Structure formats: structure tokens, C-alpha cells
Amino acid sequence: MAKSRLTEAPPQQEVVQRATKKKRSPATATNSAKSGKSVKGITNISSNSEPKTALSEQVEASENSTDYAPISAADASDLGAKSNDATLPEPSPSPSIVEFACDTREFNDYIQTLKSSIYSNNSHLILSNVLIEANAKTQQLHLTAYNLEFGMQVSFDANVNQSGKLTLPATILADILGKFPKSRLTLKSSWEIIKGSDVPSVSATLTASRSKHVIRGLTADEFPAIKSLKQKLVTIPASVLIAVLKASLFAVSSEETKRILTGANFQLSHDAERGLSQLRVWTTDGHRIAMVVGFSESSDSDILNTRNVEFTVPTKVLRVLERTLNPTDRVAIYYETEPDNSSNFVAFEWNNWRLTAQLLEGKYPNCDQIIAPYRHELSHQIVVEKLSFLKALERLASHSDKSHVTAIFEFDLDSQQVRISLNNTLSSGTEIVDAKLFGCDFRLKCDIRYLIDTVKAVSSSDLRMLMATPTAPMLIAPFGIPASGTEALECEYIIAPQE
């Protein structure tokens, strides 16, 4: 089976460790001094050969020029290198007491959403918990979930009788709340010193209707702090951001050895000619490339008027963001851009939510240079109705397997039709699709999986395929009327044909 590669990023390894020491109270320190003993608490957190296409040498030369910022041994020994400014504060000897009442359904909805950002295999117990902070002055609850890669925070109104904070296990809390009837929920915390330990034991009693449950948690002072970002870049409609993500995330790599390619490259700038803020997103897995541009009429600062801002966001973060956003929301993007105050974090804020994420380190490949040399040679064109073309490809895909994924395209200029076929050892299929052809005096081979994913991402009624030669990268772009209810985006998709 012949495969193609467009880009490839060298592997990176990340080893993250941190030692945290628990602070003793004066009384404990005195007793320890008298007995000649010391108490220390340390917690560790750990976290086929393919034939080349005609573009391989060009692409590899581009990759070799990519600069990466490896993690030093000194940084790797400290959890701060992983979470940057996120630290595990020293616990206080006396946890605060929390008491509040709120709507059960509202509290449950927020907890269920926060649970999606908590990893099931956390090595540090505190990272499996949700931080609950109650403020009697503002009469609000503030909830936080954090996994040292990204964190989610939300605030909402409640009847707070006593200010304080604690953490409770997200899985147990979400499971219990999901089964509570729709009613008023009361939560009151307590703590005690268990015999044989100087570490306070925290628990919370949840009462709703005739239900009463007790959950044991951890003190809030052990919960890591999330990086605070205050410099707003731009505010864009959530509908635009959702459309951009839907049109581009399919092309990211799932291979951790290509770390930088597992994210989406954001390029924010100001389009002075049209007076709009512009968000350009690049994604690639080395076989295909997606470039999607969305626009916003809003600009919250002068930063984008004077410079472009670029960073790469992990796909897992963007998937959570895409699921959580409502199209009617407006999303503010925060990022520290000053040279003396640079940050490898980005924050997205909408309504009462904020998602803060650590960015991927390294320079993203210059994907545009893959198609740039061929742009003036794209004289062979096909315009085809998207839905009929997609259905034909999906029917042919039933004959594909790991060894047979190549679809062969033959163009009939006289009848203005495209003949597509796929064969394996057990079955074969042929589809004929009406199209408008210009040039196309050759046969073309393409991986049917990559083509199906790309066609699905196109939101217009038709699509256009542009080619220079049978072995040059193929460019696919929307053509015709955008689908109802979708944002009009500027999109380009690149697929490497097979030889």
C-alpha cells in the first residue's frame, strides 16, 4: 500500500515531576523538635515504514528547519515546568467551613461539565477533585477542575451562609448529583483530625429533599493554582469559533511522537483592509492539511493592530471547548504577548466560564509552503456536488481495509463525469459522478479515508478540486452556497495524492 506524507514533526518527550512539602503548624513543629523527629511529605506526579511521495524531500527539508524548545532536565524535575505558574500551595492547619444552598440541577450541570476535564488516571489525588469556593459577600460559588494541562472554572449565584473552600472527588459528586431529584441542595462541610495524623480530614454533607449523603474530600489549600491571564486579544462570536474548529480539527495528528501536530495552530491578526479581526487555524497530520479562516468585527485591544499572534492549542482542549460553547455566546481570547511577560498559556472566556490551557511548545510547520509552489499550475479543476460525491466515496469505502485504501479517479471530459474505483482481494466497486471538468487529462490516485474526512468538513453545497499533476498536492476548496445555519468561512484543504 502506498502512503504519502506532507509534514512530520520530530518526537518530544515530557517528563514531569514535583515534590511538595506540607507545612507544619507551630505546635506540630514544637512537638517534633522536642522528640527529635521531623515530618516530610513528598508526592511525585508522573505523568511502518511508508514509501515517500514526490514531495518528501521538499517536506523533510522544511521540517529540518523547524526549531523546537526541548524541556531541560532542570525543568523536568519540577512540576512547575509542566504547569508553569501552577503550584501546589502549602496546606493550612485549619480548613475553612463551607455552607451554602443552590439549585440541584444547576449545580449538577456545572459539575458534569467540569468532570470532562478531569483525567481518570491522575497520580495525584487532589487532581481528581473539584475545587468548591463559596463567597458570602458576593453570594456566589466558584468551581474549578484542573489537570495541570488545562483547567475549567465557572461561577454562579447561590445562597452562601458561610464562606470557605474545599475539594470533593468529581466522579462521586457527579454520580450522586445526577441521581438527585430536582430540588434545593444544601452543602455543609466539616473537618477533624484523625488519630495518628496531623492532616485534617475534610468531608461534606449534601442534603436534598429526603436524601442525605456524606462525601470525604481534601483540603482546598492543596489544590494547584491556575495561571491567571489578563491581557485580552480579541472577542469573537462562538459560532465562528465552533465553525472553524469543526472545519479543521479532523486533520490533526493522533500520534504523540508528533507532539506539535496534535494541536491546532492559531494565527490571530487584524485585517486592516476589511477592518476585521482574523483567526486563521492550521492543522495537519502529515498526510493532509486544513486551513480555515474566521472573522470577527470586534477588537478589544490594539495588540492585533500592530502585530500577529501565533500559538498552538492541544486538540483535547479544543474538543472540550467545542462541546461546551453555545453558538450564541461570545468568546474572549486571553494571551500574554509582552516579551518580558510571555506565557505558554491561553484562556478562553464566555458567559460565566473560563478555560485556561497550556500551549504546545515548538514551532508549527509552515504548511502553506507545501502548496505554494504549485498554485500557479493548478490548471486542472473539478467542480462536483458535495453530497452525491460524498455518498459515492462512502459506498466505495466499504471495499477498503488496511491494505486497500487507494481510490483511482478517471476523468471523462466528453461526458463530464468522474469514474472512481476501489479494488481489494475480495471485492471491488465503481462509482460514476457527474461533474464539471476542466483539463484533467490524467488518472489520479488518492487515499479514500483522507478524501472522505475532507469532503465532510466542507460546509458548502459544492466543492472544487484543483490539481497541477497526478503527483502534486491536490487543493480542495468550498464552492457554491454555504449550508444553512453555518458560518461562511475561507477554507483550503490539501491532500497528497499517491503515486
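Biologist: Let's start with Gln139: does it count as buried, partly exposed or exposed?

Modeller: Partly exposed, with a relative accessibility of 28%. The cut-offs help here: under 20% is buried, over 50% is exposed, and partly exposed is in between. Keep in mind that this is a predicted model.

Biologist: Where along the chain is Gln139, and what is its phi?

Modeller: Gln139 sits in the loop between strand 2 and strand 3 (140–146). Its phi is positive, about 55°, although Gln139 is not a glycine.

Biologist: Which other residue that isn't glycine has a positive phi near 55°?

Modeller: Ser209 does. You'll find Ser209 in the loop between strand 8 and strand 9. At 54% relative accessibility, Ser209 counts as exposed.

Biologist: On to helices. How do I read the reach of helix 5?

Modeller: Compare the distance from its first C-alpha to its last with what you'd expect at 1.5 Å a residue. Helix 5 covers residues 104–115, 12 residues in total, and reaches 16 Å, close to the expected 16 Å.

Biologist: And which residues of helix 5 are buried?

Modeller: Thr104, Phe107, Asn108, Tyr110, Ile111 and Leu114. They cover an arc of only 165° around the axis, so they are on the same side of helix 5.

Biologist: What caps the N-terminal end of helix 5?

Modeller: Asp103 does that job. One of its side-chain oxygens lies 3.1 Å from the backbone nitrogen of Arg105.

Biologist: What about helix 6: which of its residues are buried, and what covers them?

Modeller: In helix 6 (residues 170–179), the buried ones are Ala170, Leu173, Ala174, Ile176 and Leu177. Their cover includes helix 5, along with strand 2 (129–135), strand 6 (164–169) and strand 7 (184–193). Strand 8 (200–208) and strand 9 (211–217) are also part of that cover.

Biologist: Now pick a single residue. What is Thr454 in contact with?

Modeller: Set aside its neighbours within four places in sequence, and you get Phe250, Ile476, Tyr493 and Ile495. Thr454 belongs to helix 12 (residues 448–457). With 1% relative accessibility, Thr454 is buried.

Biologist: Last one: how many disulfides does a search of the whole structure find?

Modeller: First, the idea: a disulfide is a covalent bond between the sulfur atoms of two cysteines. Here the search turns up 0 disulfides.

Biologist: Are Cys102 and Cys491 buried or exposed?

Modeller: Cys102 is buried, with a relative accessible area of 1%. Cys491 is buried as well, and its value is 11%. Both residues count as buried because the cut-off is under 20% relative accessible area.

Definitions and conventions:
Residues numbered from 1 in each chain as written. Predicted model: local features only at pLDDT ≥ 70, side-chain atom pairs only at ≥ 80, totals over all residues. Heavy atoms only, no water. Helix = DSSP H or I, 4+ residues; strand = E, 2+ residues; numbered from the N terminus. Expected span 1.5 Å × (residues − 1). Buried < 20%, exposed > 50% of the residue type's maximum accessible area, 1.4 Å probe, protein only. Arc of directions from axis to C-beta. Polar contact = N/O pair within 3.5 Å; in protein donor to acceptor, adjacent residues only side chain to side chain. Disulfide = S-S within 2.5 Å. Contact = heavy atoms within 4.5 Å.
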